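Hi everyone, thanks for coming along. I'd like to walk you through a structure today, so please have a look at the screen.

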Amino acid sequence: MKALINKHFIILLLLITANIFNTHSQEITDPDELFKKARNAAFTLKDYDLAISIARKALKGSPNYADIRIFVGRIYTWTDKPDSARMELQTVLKQKPDYEDALMAITDLEYWNDNYEKALEYCYQGLGYHPDSRELILKKIKILKAKGDYVDAYTTANELLIKNPADATIRVLLDDIKEASALNKIGIGYNLVWFDKGYPSRTPWQITSLDYTRMTKIGSVTARWNYGKRFGNTASQFELDAYPHLAKGLYAYTNIGISDKQAVFPRFRAGLSLYKSLPYSAEAELGARYLHFSSNTWIYVGGLSRYYKSFWFYGRVIVVPGDNSYSRSLSLITRYFVRGADDYFHLGVNYGFSPDEANSVSAYNNLYDLKSKSITVGYKRSIARMNIISISASLQNQEYYSRSKETITSGNQLDMSISYQRRF
């Protein structure tokens, strides 16, 4: 009896051992299972050496498994082993010269190693087989931008956006390169503000502007001359704007301006904002403005914007501290893009007062706790890419201070603007 039990025990042990061996054998020979484990090692455990080791086992049994070899090539790219990465990816392309994943991987490899000409060569090879590939076209745009071929990058991005107007990723990329697509820009603008009451003679205000923008290595720089007529006075204002790139995903807005008459423009003004790229095609702004009329005024600005399909949304809060209190305003702006980066309808609403608004009556009274609300509509259109026309109209209801009556009342303003810009 004892011998029989021992016999059955031995048989059971052999069966268990065989099952374990078979399971283990299946795991180390099934390329799909090994590929799954290799991805888990790379993306979950962040153990790239283990991922390559597992992937190599899969390739021993399936040397033509292209996706696994591309995976190994990408890991070598991420771990700064470009020669090993090229060997793996070129092996795939020798067998499948039209394989899109391999072409994208080797394009990325050369791009991340600053080999822009080689990256563009592989990208064009891929587009030859897959002319409508969104990912390859996006890579082409990024490579052209990195090479400094801004015009070609802009043209390619704009063509892709026209085909995919709801693609926020393309719009963010296009917005990043549109200023650099032309080294020079000149512009002219005209602004008219009409009052129904609130200004003694109700004579419309007028501003004419001329500007010149030059794209530099650090970002765009704009020189602007404004000529204004207000309160029976005329004056000039000179401004300098710059948008320097500070780091990847971080740039700034800087402004400085002087005027010969503070009754028309602030005698001196300055501004600074930082812009940081965020996930989901969003961007944050934080900044300050300084104005000097008859006294000094500081303004603090915070904003958040986001592209979503064919829309751009922007919310901004402005805070103006006072001696005993503070004023604030809230702006909500949206654009609906109908074609490229410079073709959109504009709608904005604002509640509250900001002295940084050039056409605000209250700015010249130094009374920043007055109420104001407005709605703005506009349209911007590019013609043959190099010509841009913009028109807008705003209706504003704003409180103002009557010095003669020492009372606060409200009136309406109609603000109309038109501008033309030429890129070259």
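I'll start with the whole chain, then move to the helices, then the strands, and finish on the surface.

One thing up front: what you see here is a predicted model. The chain has 424 residues, and buried residues make up 41% of them. DSSP gives us ten helices and 14 strands. The accessible surface is about 23000 Å², and carbon and sulfur atoms account for 59% of that. If you take contacts between residues at least 6 apart in sequence, 46% of them join residues at least 24 apart.

Let's go to the helices, and to helix 5 in particular, which covers residues 82-95. How far apart should the ends of its 14 residues be, at 1.5 Å a residue? The expected span is 20 Å, and the end C-alpha atoms are 20 Å apart, so the two agree.

Which residues of helix 5 are buried? They are Ala85, Arg86, Glu88, Leu89, Val92 and Leu93. The cover over those residues includes helix 3 (48-61) and helix 4 (66-78), along with helix 6 (100-112) and helix 7 (116-129).

You may have spotted a charged residue in that buried list, so let's stay with Glu88 for a moment. Its relative accessible area is 5%, and because the cut-off for buried is under 20%, Glu88 counts as buried. Which partners does Glu88 have? One is Arg56, in a salt bridge whose closest N and O atoms are 2.7 Å apart. Glu88 belongs to helix 5 and Arg56 to helix 3, so this pair ties together parts that are 32 residues apart in sequence. Arg56 is partly exposed, at 29% relative accessibility.

Glu88 also forms a salt bridge with Arg69, and here the closest N and O atoms are 2.8 Å apart. Arg69 sits in helix 4, so this pair with Glu88 of helix 5 ties together parts 19 residues apart in sequence. At 13% relative accessibility, Arg69 counts as buried.

Just past helix 5, in the loop that leads to helix 6, we find Asp98. Asp98 is partly exposed, with 37% relative accessibility. Leaving out residues up to four places away in sequence, Asp98 touches Leu103, Tyr129 and His130. From Asp98 to Gln125 is 27 residues in sequence, and 8.0 Å in space between their C-alpha atoms.

Further along there is another salt bridge, between the side chains of Lys147 and Glu117, at 3.3 Å from N to O. This pair links distant parts of the chain, with Lys147 in helix 8 (residues 134-147) and Glu117 in helix 7, 30 residues apart. Lys147 is partly exposed at 28%, while Glu117 is exposed at 54%. And how many salt bridges does the structure hold? There are 18. Elsewhere, Arg224, Glu239, Asp241 and Arg269 are linked in a network of salt bridges.

Now for the strands. In a regular strand, side chains alternate between the two faces of the sheet. Strand 8, residues 296-308, shows this alternation along its length. Thr297, Ile299, Val301, Gly303, Ser305 and Tyr307 point to one face and are buried. Asn296, Trp298, Tyr300, Gly302, Leu304, Arg306 and Tyr308 point to the other face and are not buried.

Which strands pair with strand 8? On one hand there is strand 7 (residues 282-292), which pairs with strand 8 in the antiparallel sense over eleven bridges. A hairpin of three residues joins strand 7 to strand 8, and Ala288 stands opposite Tyr300 of strand 8. Then there is strand 9 (residues 311-321), antiparallel to strand 8 and joined to it by nine bridges. Gly303 has Arg316 in strand 9 as its bridge partner. Two residues lie between strands 8 and 9 in their hairpin, and Lys309 in that turn has a positive phi of about 55°.

Last stop, the surface. A nonpolar patch of about 670 Å² is made by Ile188, Tyr190, Leu210, Ile383, Ile389, Ile391, Ile418 and Tyr420. Which strands each supply at least two residues of the patch? They are strand 1 (184-195), strand 13 (387-402) and strand 14 (407-423). Ile383 comes from strand 12, residues 372-383, and is partly exposed with a relative accessible area of 42%.

That's my tour, and I'm happy to go back to any part of it.

Methods
Residues are numbered from 1 along each chain as its sequence is written. This is a predicted model: local features need pLDDT of at least 70, side-chain atom pairs count only at pLDDT 80 or more; totals for chains, interfaces and linings use all residues. Side-chain values use heavy atoms; hydrogens and water are left out. Patches are made of residues with over 30% relative accessible area and no salt bridge: like charges are joined within 9 Å, nonpolar side chains (Val, Leu, Ile, Met, Phe, Trp, Tyr) within 5 Å. Accessible areas come from the Shrake-Rupley method with a 1.4 Å probe; for residues, only the protein chains shown count as cover. A salt bridge is a side-chain nitrogen of Lys or Arg within 4 Å of a carboxyl oxygen of Asp or Glu. Helices (H or I, at least four residues) and strands (E, at least two) are DSSP runs, numbered from the N terminus. Buried means under 20% relative accessible area, exposed over 50%, partly exposed in between (1.4 Å probe, protein chains only). Contact means heavy atoms within 4.5 Å. The expected span of a helix is 1.5 Å times one less than its number of residues. Two strands pair if DSSP finds at least two bridges between them.
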